[in-house]
Amino acid sequence: MSGTLPVILVVGDRWEFQEFWEFWRVLKGIRDSPDDPGSGRSMGIPGIWEFWGILGILEASLSGDTGVIHVVEQEQDLDWALSKGPNPPYMVLLDGSLFNRCEFEPKIWDKITFSKSSHPSSFYSEAYGPQFAHCNGSLWNPGGSGVSYEDFPFPIFLLEDANETQVIKECFRAHNVPRGGSDAPEFPLCAMQLQSHMHAAASTVTCMRRSSLQSTFSINPEIVCDPLLDFNVWSSLHHSFFWNVAPGAEGSVGSFVSLLAAAQALQGAPGAQSLPRNVLFVFFQGETFDYIGSSRLVFDMEQDKFPLGLHNIHAFLELGQVSLRSDSVLWMHTDPVSRQNQSLDAQVQSLLQALRSSGSGVPGISLREPGFSQPLPPSSFQRFLRARSLPGVVLTDHSTEFRNRYFQSIYDTAENIGIRYPEGMSPEERLEFVTDTAKALAEVGTLLARTLFTLAGGTAGIESIQADPQTVTRLLYGFLINSNNSWFQSVIKPDQKGILGPFPQHYVAVSSPTNTTQLLQAVLGNLTGVRVNLTREECLNPGKNPALQHQLFEYWWSQGPLAGNSSSRLGGCVRSGVRLSPALSPAFELRRWDSTEFSTWTESRWKDIRARIFLVASRDME
């Protein structure tokens with residue numbers, strides 16, 4: 001990015017000040033409150049500026065937190081607040097580039113007491129691959145600090161509006177900078193109040209128990225937290241495979257864009273509808289939070305709540321992070337423990353050979369295997385292996401450690417994966433401009449589509465299977481830069497206009513389906529479905545016509561493109577096999593909120609997020 005985002009830390013007195021740190025949690029992509037009134041700034045009473053739409057999170061006191069503003073622009077500014085500042089508590093405005101362990105660990109890290117949360121056990125354990133347990137020899141994200149899994153007893157806010165940041169700095173410089181050689185500024189001082197009280201307390205077990213009791217015994221229950229949930233999106237190559245199953249999606253944008261391109265290419269492959277084996281495309285949601293989507297799908301398969309079971313899976317092929325390849329290399333990761341079984345190893349070797357054979361015809365792809373002692377990287381495949389030994393491969397752009405410097409960060413943007421546009425392009429020109437990143441990911445899509453075609457029993461015409469770089473570049477633009485573009489507008493339903501916005505967000509939430517899930521469902525349906533000659537009324541009510549077999553197909557009335565220069569659209573009906581299935585952890589289905597087998601992540605409910613700046617005439621007037 002061209003700049004960094006400032007962070008506001010709410011701290012207490014000078015000794016409590018030593019307890020601050022948590023930029024990584026902010027970097028994970030905190031979303032604003034469902035009740036957030038907007039991102040504009042309104043003027044209150046004279047001398048008080050009020051800020052709305054500040055992205056925040058972490059526990060704030062019920063009445064808000066107030067402190068004297070202190071701007072940290074260099075290391076010495078922090079030293080002053082730690083050792084000399086005479087007017088605590090402070091409200092610290094810190095540039096994101098300064099907020100890291102290297103700057104602060106020597107000063108404050110030994111003062112922090114952390115409360116570790118419990119997480120589902122690792123895939124590798126003392127009973128399964130003990131040589132890989134406890135991350136022995138496999139530190140996948142060495143650049144990560146791990147603090148996103150810590151518990152911090154103070155609020156942190158992220159400011160994205162540069163104008164609001166400037167107002168705070170100007171107030172600080174006008175009133176809080178020492179004058180005339182003095183070590184301390186004189187009153188009146190510029191102060192700030194931040195409000196974002198979080199209702200949840202202690203842990204998932206505590207907050208879910210409280211919510212459950214409220215729901216059971218209170219006439220007007222106050223729910224204090226909600227489980228993270230969404231839907232997985234899935235589709236099959238053979239449309240007749242589907243039946244009426246309830247509703248999901250997400251992964252890293254680079255990988256799911258490649259998978260979308262592969263699905264489109266495979267759909268148009270010669271004889272695709274009559275291949276001996278079927279192909280199931282699945283986009284999991286919530287994998288960052290201990291594999292919410294994949295663990296739920298495995299659970300549903302085991303409980304016969306999904307159209308197929310684990311025993312129906314012939315091979316598993318997964319795309320991990322694939323956008324930052326070095327020298328065109330893709331790494332083929334497998335599980336060395338399950339491969340100790342000779343029969344399974346033979347199936348894995350067959351899968352690897354299918355990849356190599358398909359990759360030989362894709363000039364921009366070079367396939368390699370890590371050493372046999374290399375464990376499987378973090379992947380959805382792990383959740384399936386915990387339930388049943390399966391032949392599978394995870395494709396990534398890294399052999400050992402991640403190439404992504406901004407893993408799970410707000411800085412993991414289009415720029416991070418090399419998307420660049422010529423100067424002066426309009427939004428519509430950017431949508432259609434095929435970037436180098438799009439070309440590279442289209443090659444990954446081609447490899448995947450050809451491999452799946454081979455694994456499904458296809459033989460003739462494999463050379464004609466080609467992922468479309470134009471589709472990939474549109475997908476990247478829509479999911480990373482601006483979802484409110486002409487192509488996405490044409491594929492959604494007329495009542496889905498609200499899911500389009502200038503800044504796409506892929507944050508797993510507590511309300512579902514999220515915008516990303518709905519967009520992914522619409523795009524996949526349009527890329528792999530077929531246009532049918534039905535009126536809007538017939539398309540919206542397929543159950544009225546038995547010949548439409550609405551139990552087997554999803555019917556979707558797309559807005560369509562604009563009709564010339566008019567504001568009307570050329571809508572049409574799309575028939576596809578795209579479905580949604582729940583991406584809610586089985587722990588909440590089973591009411592096992594302390595589970596170590598399944599994800600137990602929840603999100604606190606909170607009040608409106610707001611802030612205001614004012615002048616404090618004296619300590620007595622605080």
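A residue counts as buried when its relative accessible area is under 20%. Keep that cut-off in mind as we walk through this predicted model, beginning with its cysteines.

A disulfide is a covalent bond between the sulfur atoms of two cysteines. Here the count comes to three disulfides, and with the bonded cysteines numbered in sequence order, they pair 1-2, 3-4, 5-6.

Start with C207 and C225, whose sulfur atoms sit 2.0 Å apart. C207 belongs to helix α5 (residues 204-217) and C225 to strand β9 (residues 225-227), so this bond ties together parts 18 residues apart in sequence. C207 has a relative accessible area of 2%, so it is buried, and C225 also counts as buried, at 2% relative accessibility. The link is right-handed, with 80° about the S-S bond.

Next come C171 and C190, with 1.9 Å between their sulfur atoms. This disulfide connects helix α4 (residues 162-175), which holds C171, with strand β8 (residues 189-195), which holds C190. Both cysteines are buried. The torsion about the S-S bond of C171 and C190 is about 110°, so this disulfide is right-handed.

The remaining bond joins C539 to C573, S to S 2.1 Å. C539 lies in helix α15 (residues 536-540) and C573 in strand β18 (residues 572-576), so parts 34 residues apart in sequence are tied together. C539 and C573 are buried.

Now let us turn to the nonpolar interior. In soluble globular proteins, nonpolar side chains tend to be buried together. The largest nonpolar core has 72 residues, and L260, F283, L476 and F479 touch the most other members. Leaving aside residues up to four places away in sequence, F479 touches ten residues' worth of scenery that includes V253, F256, L260, F488 and L520. Apart from this core lies another, of 21 residues, with Y124, M301, F306 and L385 among them.

M301 leads us to helix α7 (residues 292-302), where 10 of the 11 residues are buried. Its cover includes β10 (229-236), β11 (280-283), α9 (381-387), β19 (579-584) and α16 (586-589). Just after α7, D304 takes a positive phi of about 60°.

Finally, look for an open sheet of four strands in the order β12-β15-β13-β14, with mixed pairing. Its edge strands are β12 (316-319) and β14 (366-368), each pairing on one side only. Strand β13 (residues 329-333) runs parallel to β14, joined by three bridges, and W331 has R368 of β14 as its bridge partner. Helix α11 (residues 436-455) lies across β12, β13, β14 and β15 (392-396), running at about 175° to β12.

Notes:
Residues are numbered from 1 along each chain as its sequence is written. This is a predicted model: local features need pLDDT of at least 70, side-chain atom pairs count only at pLDDT 80 or more; totals for chains, interfaces and linings use all residues. Side-chain values use heavy atoms; hydrogens and water are left out. A nonpolar core is a set of buried Ala, Val, Leu, Ile, Met, Phe, Trp, Tyr and Cys residues joined through side-chain atoms within 4.5 Å. Buried means under 20% relative accessible area, exposed over 50%, partly exposed in between (1.4 Å probe, protein chains only). Contact means heavy atoms within 4.5 Å. Two strands pair if DSSP finds at least two bridges between them. Helices (H or I, at least four residues) and strands (E, at least two) are DSSP runs, numbered from the N terminus. Axes are lines fitted to C-alpha atoms, for helices over the stretch in contact, and angles run from 0 to 180 degrees between N-to-C directions. A disulfide is a pair of cysteine sulfur atoms within 2.5 Å.
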